[in-house]
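Here is a walk through a two-chain model, written for someone who likes cut-offs next to the claims. Have the sequence and the 3D view open while you read.

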There are 2 protein chains.
Amino acid sequence: MSKDLPKRDKDFSGWYTQVVNRAGLADYGPVKGTMVIKPYGFQLWDNIKESFDRMIKATGHVNAYFPLFIPKSFLAKEAEHVEGFAKECAVVTHTRLKSDDTHGIIVDPESKLEEEIIVRPTSETIIWSMYKKWIQSYRDLPVLINQWANVVRWEMRTRLFLRTSEFLWQEGHTAHESAEEAQEETLNILELYRKLSEDYLAVPVFTGIKTETEKFAGADKTYCIEAMMGDKRALQAGTSHNLGQNFAKAFDVTFQTRDNKEELVWATSWGVSTRLVGAVILTHGDDKGLRLPPRIAPIQVVIVPIFKDDKQVIKIKDYIDPIILALEKKNIRIHQDWSDRSPGYKFNEWEMKGVPLRIEVGMRDIDDSTLIVARRDTSEKIKLSHKDATNKIIDLLEEIQDSLFDQAKKFRDKNTYRVSSYDDLKRIIIEGGFVRCGWDGTDETEAKVKEETKATIRCIPMDEKPKDLLCVYSGNPAKHEVIYAKAY
Amino acid sequence: MSKDLPKRDKDFSGWYTQVVNRAGLADYGPVKGTMVIKPYGFQLWDNIKESFDRMIKATGHVNAYFPLFIPKSFLAKEAEHVEGFAKECAVVTHTRLKSDDTHGIIVDPESKLEEEIIVRPTSETIIWSMYKKWIQSYRDLPVLINQWANVVRWEMRTRLFLRTSEFLWQEGHTAHESAEEAQEETLNILELYRKLSEDYLAVPVFTGIKTETEKFAGADKTYCIEAMMGDKRALQAGTSHNLGQNFAKAFDVTFQTRDNKEELVWATSWGVSTRLVGAVILTHGDDKGLRLPPRIAPIQVVIVPIFKDDKQVIKIKDYIDPIILALEKKNIRIHQDWSDRSPGYKFNEWEMKGVPLRIEVGMRDIDDSTLIVARRDTSEKIKLSHKDATNKIIDLLEEIQDSLFDQAKKFRDKNTYRVSSYDDLKRIIIEGGFVRCGWDGTDETEAKVKEETKATIRCIPMDEKPKDLLCVYSGNPAKHEVIYAKAY
């Protein structure tokens, strides 16, 4: 099955497309750039979703649901916001179809809407129009609302999970009494994103601030997590925005302060999307297919029994059932593959699907009171005694989680360079990698480097040390230390 | 707080609107007929969702996600289907906005799509266009896929949760080898819907078949669960469709059978929506507000401490904490209300929000080593000893679940009449109630009764006994026993 998978180091992009397809993760829908998330891919997303949902609930956030449809006039209320999204909006203009003798089913021209409707590309505007109704006093604050939803951004060049016209995400929209509180929330969420990415997806990230050019349309400041993919390009994996009072101003949302004044409300918004599934594939995948971190893997352990006839099936089941029960009791997600395919076929298939551990069990193992366990991350095969298999398997899953993170982190660190000359920057960008260096803080430098190298400033890392650095482009004193890279 | 709530028996509709609003369940969005589901309402929906999600997973179904956008031509492929949905479609025609000097932000006419896009009103067409790619052989069957999604049906007269332009739902779409298997699936799901409604929502339902006039556009047969609301009107709470080979034909989805022939695939689809939240409100609510069944209540137990100063706060906390911990360990959802409102205000508020059990605890209770527990379903107050409060509370929650169901079932049964004359039918429809009687099976009778009484045939109940019955309208022998009622 894996015979024809393109090699990652020869054709990373072709490899990605094939893995998404063959692992049964997703497919394109009929409308340009839309995505069908297949059951295996959806379960992966759902596990990511549940992990993050627990985190935000534990920090006092609640879920709600706001409408898909936004009046066109709302989008226009925040000038930068509408500019940022105007070129990728799906616009609803009519509400009926009708039968036409010559053309078949047509849009009924009489159903034209007075005001066109935008399918949400993000929900700041509609949510702040509601917050205006809900927030009167400091007693109503903070509002810590999140929603899991679909959004639409009309894209010309699309790629499953990474850039699709419709995608699934969460978007948090919080309202606060003070600038300090909003900033604290923005950074708390950034930390949750780091945790989600590193502890669950096993994807190491740099946390940082976006430049003015790269920040969210309507934000004062955009913080982000940036990860390095297997081809050494960067992927923006999540953003947390301090919106200041911009949306409160646009929607006239004021509150009575503790000292009885009227003030505009302070806001944040933040999101991660199905793009995270792309990050997992691009970070951990190898030439055999996916490698999934156990914490989010739809199947953590697959059992491939090796048998010749029904008698052996019964014996293997008797032998393996107690282990399965014990693992299930510990909430381990197990799949047994009793199909009539050959063991070799099954090995390839479950490797393609990235299942962290494979248990092989046949008559010989029964005679030995052992099991063979194969690790997807290292391809190592380990013989376990039947007796303590359960605990060993649980330990191994934790080990794999850590090992995937360590591998990815080593790879990223090896390919992240501190440079002090523009020539080095250009060389590394061509060869592949992240460049940490000084930037003079000007839009011109940022634009020039982008134009000449196709690399963008991914972020100003939170741990920047700009002191004594020079801008590699202009030679002027650096205002910031930044990370340049080509990005998805 | 509950002072101004309209009385249910005077103004049921006004009462409903007020309860939705005051209990903090939902609000209208800015685009006509769209709904904002507020955190408390969303948690209620989420609990319903999770209950059903567990059921379908336990029966072998998996979740996936299909695109929001459907090409117009797809909808047209199944003739009845497009006719059923043509009049309520949101149509996307453009993909960009632009700035115009005289009109501000306008839709860019140059972004007009070649083929218009429909925002899904339901997903049969897009899903079967994908199944065509995925299904080749009987080995690929059955396909048992569900999705949780938003859908849009442009509605003129809307009502929060009951009828909104956008709503949330699950839609199952299964594919089978044979007519028998599809029929079995249709009925299995009907049974899960009954279970969800009766065992979780505590809403008793009749299961039955829709008439040809009332069935889903594109189905061979539509099964449904029908419930009686507090005003004795019917609410269709879920439908399960046997689609026969209609969509397989429309999208040319054939498979290689076990005996090597080519056959069209057999299909079902089925859905329940946020309308279920409406059913819960309309079934259980009383003049004080919501009454929520414990199994789906966002908060199962609210603690209202009665204190004068910080010293008392500490004492009460010490006293109550072990009980809270013990309940939380049993996964009971608890909320403590330490706000500075008066106890009376809090009692009213939590009654409005329908929390099944309220614990009142003050200094006197500590002295007695007791707690006062108030049941929302009966208003009964019970004194519990501190020692065995935890177990008693868990028992009480189960009792309340059962008691809400029993009350609703008694009410429904009392207001369901078997009649044999049209005069009786008309009288009961005016007074309020369900009418079980004979129907001659003709569209004419169905249409006439609807025209004259506004009652529709809700379903042919699964336990119908049409033998020896006459049609109350035509006097001809009954083909079916049916249930007539006015409906939401």
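Which residue stands opposite B:Ala267 in β16(B)? The partner is B:Ala175.

Before going further, some ground rules. This is a predicted model, in which local features need pLDDT of at least 70, side-chain atom pairs count only at pLDDT 80 or more, and totals for chains, interfaces and linings use all residues. Residues are numbered from 1 along each chain as its sequence is written, while chains are lettered from A and ligands numbered from 1 in the order in which they are written.

**Around β16 of chain B**

Strand β16 of chain B covers residues 266-273, and eight of its eight residues are buried. Buried here stands for 20 or more other C-beta atoms within 10 Å of the residue's own; exposed is 12 or fewer, partly exposed is in between, and the C-beta atoms are placed from the backbone. Strands, for the record, are DSSP runs of E with at least two residues, and helices are runs of H or I with at least four, numbered from the N terminus.

In a regular strand the side chains alternate between the two faces of the sheet. In β16(B), B:Trp266, B:Thr268, B:Trp270 and B:Val272 point one way, and B:Ala267, B:Ser269, B:Gly271 and B:Ser273 point the other way. Both sets are buried.

Strands count as paired if DSSP finds at least two bridges between them. The table lists the pairings of β16(B) along with two others, which come up again below.

| Strand | Partner | Bridges | Direction |
|---|---|---|---|
| β10 of chain B (residues 166-176) | β16(B) | eight bridges | antiparallel |
| β13 of chain B (residues 234-244) | β16(B) | five bridges | antiparallel |
| β11 of chain A (residues 205-209) | β24 of chain A (residues 456-461) | two bridges | antiparallel |
| β5 of chain A (residues 91-94) | β5(B) | three bridges | antiparallel |

On the β13 side, B:Ser240 has B:Trp270 as its bridge partner in β16(B).

**The sheet and the fold of chain A**

Over in chain A, there are 14 helices and 25 strands. Eleven of the strands form an open, mixed sheet in the order β3-β9-β10-β16-β13-β12-β11-β24-β25-β23-β22. Its edge strands are β3 (62-63) and β22 (416-418), each pairing on one side only. At the step from β11 to β24, A:Gly208 sits opposite A:Pro461.

The domain assignment, which is automatic or from a database, splits chain A into domain 1 (2-91 + 121-284), domain 2 (301-396) and domain 3 (416-485). The C-alpha centres of domains 2 and 3 of chain A are 49 Å apart.

As for overall dimensions, the C-alpha atoms of chain A fill a box of roughly 80 × 70 × 55 Å along the principal axes. A compact globule of 488 residues would have a radius of gyration near 23 Å, and the 26 Å of chain A agrees with that. That radius is taken over C-alpha atoms, and the globule rule is 2.2 Å times the number of residues to the power 0.38. Of the 488 residues of chain A, 51% count as buried.

**How the two chains meet**

Chain B can be laid on chain A with an RMSD of 0.0 Å by a turn of 180° and a shift of 0.0 Å along the axis. That is the relation of a two-fold axis. The superposition is by least squares on the C-alpha atoms of residues with pLDDT of at least 70 in both copies. B:Val92 comes closest to the axis among the residues of chain B, with its C-alpha at 2.1 Å.

How many residues of chain B are in contact with chain A? There are 52, touching 52 residues of chain A, where contact requires C-beta atoms, placed from the backbone, to lie within 7 Å. Strand β5 (residues 91-94) of chain B gives the most to its side, with four residues. Since 100% of the interface residues of chain B are also interface residues in chain A, the copies meet through the same surface. Where β5 of chain A pairs with β5(B), A:His94 stands opposite B:Val91.

**Backbone oddities**

The peptide bond from A:Leu141 to A:Pro142 is cis, with omega near -5°, and the one from B:Leu141 to B:Pro142 is cis with omega near -10°. A:Pro142 lies in the loop between α5 (124-134) and β9 (143-152) of chain A.

Methods:
Two residues are in contact if their C-beta atoms, placed from the backbone, lie within 7 Å.
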